Amino acid sequence: MKIKKKIWGCLLSLLCILMLVLPVMASESQETDSEVSAVTSEDLAVPTEIPAIPEKRQKPLLVDDAGLLTEEESNALLNKLEDISQKYENEVGIVTVNSLEGKTAEAYADDYYDYNGYGYGENDDGLLLLISMGEREWAISTYGYSHTVAFTDAGLEFISGQFQSKLSSGNYADAFNCFADQCDDFLRQAATGEPYDVDNMPSKGKVHPFWLVTDLVVAFLISFRLVKSKSRNLKSVKKQESAEAYERKGSMSLRRSTDSFVNRIVTQRTIRNEKDSSSSSSGGSSSHTSSSGRSHGGASGKF
């Protein structure tokens, strides 16, 4: 009997505990449900509109999808492109791909620029160099300030002439750094108010003064040694006062003759190249419309 009483006592105690605990658990469950419903209605709301191009650039200024550069070369070149872009508030980008995916190089470059958020400021000022290894083609797409002011058709032709041979020979890092340096030079000139164009182009080669002086010194030393070596063989020859002293006996006598300048007739004729005349007279930048409807400038070619 004592054991049964103890069991009934334990059961009654457990029942009392459950009666006290269950109301508390029910209230906590209701609070949790209300919190979950609040989070679902406010914090997990899905935005109705997503912008096509965010304010910040989607792609970096250097995209080497073709794998033409080492990691060290890529880091150095990216830093240079960022510095130029910030200094002139005009983005300068380089993109390498393996295929144009059926597009022309011009169209691919325009679309890459437009749909990946390139361009500085409200007007999206900038330019992009595209390299496609599959087709061995390049294209430059300009927009905004780069199109209307800094990079004319003649300027782009000049720039491509500087880096294209490096592309053809496989010196990709040199080619891309050359492009970046030329862009730096052209943007610096445009900031003066007189951008490079047909009648105002940079010199193709700039030689450091040190090398000019060195070349002159070396040339002088070589010439001096040659003259000294030749003069050693002429010690027996003495200078004569007149040409008659050099006459050999039995030879024909020397005769003095003179020529007098009377008149000169010069005929000049200008030969014009149709391509040169059309480009040298107009200058400025030509335009085309991209798939996004924006007006771009640019140039393209093979390497």
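This is a short tour of a predicted model, stop by stop, with something to select at each one.

**The whole chain**

Start with everything shown as a cartoon. You should find eight helices and six strands. Followed along the sequence, they come in the order α-β-α-β-α-β-β-α-α-α-α-α-β-β. If you colour by burial, 29% of the 303 residues count as buried. Contacts are worth a look too: taking those between residues at least 6 apart in sequence, 67% join residues at least 24 apart.

**Stop 1: strand 1**

Select aspartate 64, which lies in strand 1 (residues 62–64). Now add threonine 96: the two are 32 residues apart in sequence, yet their C-alpha atoms are 4.9 Å apart in space. Setting aside residues up to four places away in sequence, aspartate 64 touches Leu69, Ser74 and Thr96.

**Stop 2: two positive phi values outside glycine**

Move to glutamate 89, in the loop between helix 2 (71–88) and strand 2 (91–97). Its phi is near 50°, a positive value in a residue other than glycine. Is glutamate 89 buried, partly exposed or exposed? With a relative accessible area of 49%, glutamate 89 is partly exposed, because the exposed class begins only over 50%.

Next, select aspartate 124, found in the loop between helix 3 and strand 3. Aspartate 124 is not a glycine either, but has a positive phi of about 55°. Its relative accessible area is 22%, so aspartate 124 counts as partly exposed; buried means under 20%.

**Stop 3: aspartate 125**

Step one residue along to aspartate 125, which is found in the loop between helix 3 and strand 3. At 14% relative accessibility, aspartate 125 counts as buried. Which residues does aspartate 125 touch, not counting those up to four places away in sequence? Select Glu89, Asn90, Glu91, Tyr113, Gly119, Tyr120, Tyr143, Gly144 and Tyr145 to show them. Glu89 in that list is the residue from the previous stop, the one with phi near 50°. For a distance check, pick threonine 142: it is 17 residues from aspartate 125 along the chain, with 8.1 Å between the C-alpha atoms.

**Stop 4: helix 5**

Now select residues 153–168, which make up helix 5. These 16 residues reach 22 Å from first C-alpha to last, close to the 22 Å expected at 1.5 Å a residue. Look for a bend of about 35° at glutamine 162.

To see the covered part of the helix, show side chains for Ala154, Gly155, Leu156, Phe158, Ile159, Ser160, Gln162, Phe163 and Leu167, the buried residues. Glutamine 162, where the helix bends, is one of them. Then bring in strand 3 (126–132), strand 4, helix 6 (172–191) and strand 6, which are among what covers these residues.

Zoom in on glycine 155, part of helix 5. Glycine 155 is buried, with a relative accessible area of 0%. Beyond its neighbours within four places in sequence, glycine 155 is in contact with Phe186 and Met201. Aspartate 197 is another residue to select here: it is 42 residues from glycine 155 in sequence and 5.8 Å away in space, C-alpha to C-alpha.

Just after helix 5, pick glycine 170, where phi is positive at about 85°.

**Stop 5: helix 6**

Select residues 172–191 for helix 6. How far apart are its end C-alpha atoms? They are 29 Å apart, which agrees with the 28 Å that 20 residues should span at 1.5 Å a residue. Helix 6 is mostly covered, with 15 of its 20 residues buried. After helix 6 comes glycine 193, whose phi is positive, near 95°.

**Stop 6: the cavity**

For the last stop, turn on a cavity display. The count is one cavity of 30 Å³ or more, and the largest cavity has a volume of about 40 Å³. To outline its lining, select Glu106, Ala109, Asp110, Ala139, Ile140, Ser141, His288, Gly297, Gly298, Ala299 and Ser300. By class, this lining has four nonpolar, five polar and two charged residues.

Which elements each supply at least two residues of the lining? They are helix 3 (105–115), strand 4 (137–143) and strand 6 (295–302). Strand 6 gives the most, with four residues. Strands 4 and 6 were also part of the cover over the buried residues of helix 5, so keep that helix visible while you look around.

Terms used
Residues numbered from 1 in each chain as written. Predicted model: local features only at pLDDT ≥ 70, side-chain atom pairs only at ≥ 80, totals over all residues. Heavy atoms only, no water. 1 Å grid on protein atoms, 1.4 Å probe; cavity = no way out; pocket = protein on both sides within 12 Å on 5 of 7 lines; lining within 4 Å. Points joined across faces, edges and corners; volume = space filled by probe spheres on them. Nonpolar A, V, L, I, M, F, W, Y, C, P; charged D, E, K, R; others polar. Expected span 1.5 Å × (residues − 1). Bend = angle between axes of the 7 residues up to and from the residue. Buried < 20%, exposed > 50% of the residue type's maximum accessible area, 1.4 Å probe, protein only. Contact = heavy atoms within 4.5 Å.
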